[in-house]
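Please walk me through this protein model, beginning with its aromatic side chains and ending with the overall fold.

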Amino acid sequence: MNKLLTSILVLVTSSYGVAQPKTTYAEQLGYPKGKKIVIFHVDDAGMFLSANQGTIKSIEQGVATSTSIMMPCAWSASFIKYALKNPTVDAGIHLTLTSEWKDYRWSPLAGIKQVPSLTDSEGALWPEVADVVKHAKPDELELEMRAQIDRAITMGLKPTHLDSHMGTLFATPAFLEKYIKVGVDYGIPIMFPGGNNTLLVDSEIQPVIDKLKAEGKYREGMNLPIPESLKQAPAIGEKIWKAGLPVLDDLYADTGQWKPKDVKDPSPEVWGKYKTKRFKEILTKMKPGVAMIIIHSNDLNETFKYISGSGGSRYADMLSMMDPELKAFIESEGIVLTTWRELMQRRKAIK
């Protein structure tokens, strides 16, 4: 399971009796009843040159509709300059509180002396979410979040939304409280899945299914328990909605795990087509409402392999976003693509 999903599931600890919204957030935002509204969201803009290139191609030549920028990273300024020249691009801030790679590290924008609990012995942000949970002071997290947002605003960007790199800000209730507070203070939407969460639940159940299949115990249609850890998500979503910000009905963040199992070393084209197939499956499975689907698009770059082994998956994400087959499927199913900017415009219009 990816780290973002794990953090969300850890956060929304269970409580029976918390009901889902009576109507979808999409309906409350004025979309037609029964419609599937989707944000294809490219994470990690600004992390590296090839991330910027992959993000731009996914949006300009593909079905991706939104992205968020890692402000502490080396190529964030370049992406902001692109966004300023292309003001219709839906660009938010990928609030970054971890620096996960071994040889490519970044430090807090607030300054190491101002947020010492956020940094490791190298002076970089902690490598893992668990490290942040163990060491970070919530007030210092807030200071760093504001520093990242303020840097973008100083450069001229008007962030359309906020989200969380590796799900760090979903890891504890105290972190989430700061995340919501910052979003409300700035009047910037924050990513949070507070609706039916069908895709999010499926992401949690899938490892159980895989295990049962490996053991020969899985039967199609068998009842599997819905994770209790999602029971409070609707209540948190309602709090965010009442604060004047839009809320997602669902979220899917597990696309980085998608790789053909029957091909040892798939070509980029085969890998991309496999992801197209999986995107079509989850779009079919999702319930009406507004969902955000997270991807990580990179263009080809020979040096990225020295940073991470995820380059193949990221390139396949980009190819899938640009695949005419996926675009045609979206159109044939009547799925509406949207942006965080549009969600906030619709939220503001509600009395």
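Tyr 104 and Trp 106 are both buried in this predicted model. Their rings form an edge-to-face pair, with 5.1 Å between the centres and 75° between the planes. The pair counts as edge-to-face because its planes are over 60 degrees apart.

By the ring-centre criterion, the protein has 10 aromatic pairs. Another of them joins Phe 79 and Tyr 82, whose centres are 5.4 Å apart and whose planes meet at 55°, a tilted arrangement. Both residues belong to helix α4, which covers residues 76–85. They are 3 residues apart, or about one turn of the helix. Phe 79 has a relative accessible area of 1% and is therefore buried. Tyr 82, with a relative accessibility of 14%, also counts as buried, since the cut-off is under 20%. Elsewhere, Phe 40, Tyr 252, Trp 258 and Phe 279 are linked by ring pairs into a cluster.

The protein as a whole contains 13 helices and 7 strands. Its radius of gyration is 19 Å, close to the 20 Å given by the globule rule for 351 residues, so the protein is as compact as a globular protein of that length. Along the principal axes, the C-alpha atoms occupy a box of roughly 55 × 50 × 40 Å. Of the 351 residues, 56% are buried. Among contacts between residues at least 6 apart in sequence, 78% connect residues at least 24 apart.

At the surface, the accessible area is about 15,500 Å², and carbon and sulfur atoms account for 54% of that area. The protein carries 43 positive and 41 negative charges, and the mean positions of the two sets lie 3 Å apart.

How values were computed
Residues numbered from 1 in each chain as written. Predicted model: local features only at pLDDT ≥ 70, side-chain atom pairs only at ≥ 80, totals over all residues. Heavy atoms only, no water. Helix = DSSP H or I, 4+ residues; strand = E, 2+ residues; numbered from the N terminus. Rg over C-alpha atoms; globule rule 2.2 N^0.38 Å. Buried < 20%, exposed > 50% of the residue type's maximum accessible area, 1.4 Å probe, protein only. Contact = heavy atoms within 4.5 Å. Areas by Shrake-Rupley, 256 points an atom, 1.4 Å probe, with all protein chains shown as cover. Lys, Arg positive; Asp, Glu negative; His and termini not counted. Charge placed at Lys NZ, Arg CZ, Asp CG, Glu CD. Phe/Tyr/Trp six-rings, centres within 6.5 Å; stacked < 30°, edge-to-face > 60°.
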